[in-house]
Amino acid sequence: MLSDIEIAESAKLKDIREVGKELGLSEDELELYGKYKAKISLPAGLERKGKLILVTAINPTASGEGKTTVSIGLADGLRRIGKKVCLALREPSLGPVFGIKGGAAGGGYAQVVPMADINLHFTGDLHAITSANNLLCALMDNLIFRGNPLNIDTDKIFFHRCMDMNDRELINIAIGGGGRGVAREDHFDITAASEVMAVLCLATDLSDLKRRLGNIVVALNASGDYVRARDIPGAVGSMAVLLKDAMKPNLVQTLEGTPAIIHGGPFANIAHGCNSVQATYAAMSLADYAVTEAGFGADLGAEKFLDTKCRAAGIEPDCVVIVATVKALKLHGGAAKENLGEEDLSALGKGLPNLFKHIENIRGVYGKPVVVAMNRFESDTPAEIELVLSSVREAGAEAVFTDVFLKGGEGGKELAAAVAKACEIPSKLRFAYDLADPVEKKISDVATRIYGADGVDFSDEARAAIAGIEAKGEGGLPVIVAKTQYSLSDNAELVGRPSGFRIFVRDVVLKGGAGFIVAIAGKIMLMPGLGAHPAAEKIDLLPDGTIVGLS
């Protein structure tokens, strides 16, 4: 089989104006970035009429689940059964593209294209976010250097510079040395983990963007009060100018010509892990079915989509798709990685409860219909397939084995039919916690109801941070729990469906611009490093301009 980049490069793409026309967009509503990419300028007041489908997954494993690939194949499948559909996905980050994970444009015959452009600079959104973020840092440090009129406590600065690349040398740095500034310790975040990324993705319009930018807490002053971006002269307006074009969603297409909007890409642990509200609004306004996804497993991405993004955007999904593989379920059941190609009904049976917990959460806690998408592998045996189908049916959902990687939309038609049927089931979104509850109660509700924990333990530092947030009147915000994606718990080694565990919250941080409170459980890397053999070692440019090694 051809590699992902070979499949993408050999595809015959439609002119992006033709893709826009399928959604009812005129050329005046498209800002062209060449023949195959465009930004969308939507008229105000469009009705968000489309059915919204959220694609999530079990807790990810080294085997991989293919959530983005299934999302793309599902959209192609819906189009093949006669539905007007639009994808809404996140933008890739250059850090993973050149690091370990690789790109984020799908795989096989379920990809969004032009794949190389999407995985690299695309339309410059992440560069704009990086520039706006670093402008705020420069303005703040300049203000400190010019006499510090806001009395910023330089030991209590929370906002940091960012760049869209993995670089461990920037995890801890010293700035302001050599008499050219005010010397202090600092660090870089990767752009996908920056608050400006989360702000752009949750902003409902330009006015809301400026409001959220202004609410970013950059530091404490000498009296212990918040210093916000709006207190820094000129910061909000100049940042908004840099983000003006980045706020507009990007239109591309799948290999089969299905319209795809790709916009924004916040991390799913330190932030909410979903594409932008603007992209989701556009997809729901322009098509009858909008397919979107949320990062990592349903305990992270889907929880944050439902409890945070849906609240901010005033939307709710009509159906939730949970992606899994037989191989990954066997890993959750204790099978050795090297034996995943062998039939192992015992390990599969032990791993299925991880999937069951996510089904229970979506149906029981959030009140939404569920379809399980099993990403098929050649090694899946008839007995394993039957065990999954019957077990998921007993758990109150339907499972569909799908072949979108090998067959594209044709391999997604059965899944598409099941999802379209589930979208007709009446449902009303419920939340995992009440916004009006104290911060500790909200965090505990997520941990006990969604993760299955026995409770939450808070460090003294975390309790002090919560007390400060609530004393300043910010306690009514949604909570984002930052923890490992590999387990329902905060311990990556506890796979499957663990029980008898407690979550330990070591710190709590207010993200005033994004509009949520982050509870940090475990060690979260905001600036990843490169591995021993990063993906960049395989990526190259041939003399004729062909890119190789990108995946």
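These notebook entries record what I looked up in a predicted model of a single chain.

**Overall form**

I began with the secondary structure and found that the chain has 18 helices and 26 strands. I then turned to the radius of gyration, which is 23 Å and close to the 24 Å that the globule rule gives for 551 residues, so I noted the chain as being as compact as a globular protein of that length. Taken along the principal axes, the C-alpha atoms fill a box of roughly 70 × 55 × 50 Å. For burial, I found that 59% of the 551 residues count as buried.

**Single positions**

I looked up isoleucine 5, which is found in helix 1, residues 4-10. Its relative accessible area is 6%, and because buried means under 20%, I entered isoleucine 5 as buried. I also took the C-alpha to C-alpha distance from isoleucine 5 to isoleucine 173, which is 37 Å in space for two residues that are 168 apart in sequence.

Glycine 64 was my next entry, and its place is in the loop between strand 3 (51-57) and helix 3 (67-80). With a relative accessible area of 26%, glycine 64 is partly exposed, because that class lies between the 20% limit for buried and the 50% limit for exposed. From glycine 64 I went to threonine 546, which is 482 residues away along the chain, and the C-alpha atoms of the two are separated by 28 Å.

**Helix 7**

How many of the residues of helix 7 (residues 195-202) are buried? I counted eight of its eight residues as buried, and so entered the helix as mostly covered. The buried residues of helix 7 are Glu195, Val196, Met197, Ala198, Val199, Leu200, Cys201 and Leu202.

**Rings and charges**

I searched the whole structure for aromatic pairs, and the search finds zero of them. I did find charged groups over rings, and one of these is lysine 472, whose charged end sits over the ring of tyrosine 226, 5.0 Å from the ring centre. In another, lysine 483 lies over the face of tyrosine 451, at 4.8 Å from the ring centre.

**Cavities**

Rolling a probe the size of a water molecule over the atoms shows where empty space is left. I found that the structure holds four cavities of 30 Å³ or more, and that the largest cavity has a volume of about 80 Å³. Its lining is made up of Glu91, Pro92, Leu94, Ile118, Leu120, His121, Phe122, Gly124, Asp125, Leu126, His127 and Asp164. Helix 6 (residues 125-145) gives the largest share of that lining, three residues. Sorting the lining of the largest cavity by class, I entered six nonpolar, three polar and three charged residues.

**The second largest pocket**

I closed with the second largest pocket, for which I noted a volume of about 1,300 Å³. Which residues, of the 42 that line this pocket, are the closest to its centre? They are Ile157, Phe158, His160, Asp507 and Val509. The elements that give two or more residues to the lining of this pocket are strand 7 (152-157), strand 10 (184-186), strand 11 (188-190), strand 12 (217-221), helix 18 (460-471) and strand 23 (507-511). By class, I entered 21 nonpolar, eight polar and 13 charged residues for the lining of the second largest pocket.

Note on methods:
Residues numbered from 1 in each chain as written. Predicted model: local features only at pLDDT ≥ 70, side-chain atom pairs only at ≥ 80, totals over all residues. Heavy atoms only, no water. Phe/Tyr/Trp six-rings, centres within 6.5 Å; stacked < 30°, edge-to-face > 60°. Lys NZ or Arg CZ within 6 Å of the ring centre and 35° of its normal. 1 Å grid on protein atoms, 1.4 Å probe; cavity = no way out; pocket = protein on both sides within 12 Å on 5 of 7 lines; lining within 4 Å. Points joined across faces, edges and corners; volume = space filled by probe spheres on them. Helix = DSSP H or I, 4+ residues; strand = E, 2+ residues; numbered from the N terminus. Nonpolar A, V, L, I, M, F, W, Y, C, P; charged D, E, K, R; others polar. Rg over C-alpha atoms; globule rule 2.2 N^0.38 Å. Buried < 20%, exposed > 50% of the residue type's maximum accessible area, 1.4 Å probe, protein only.
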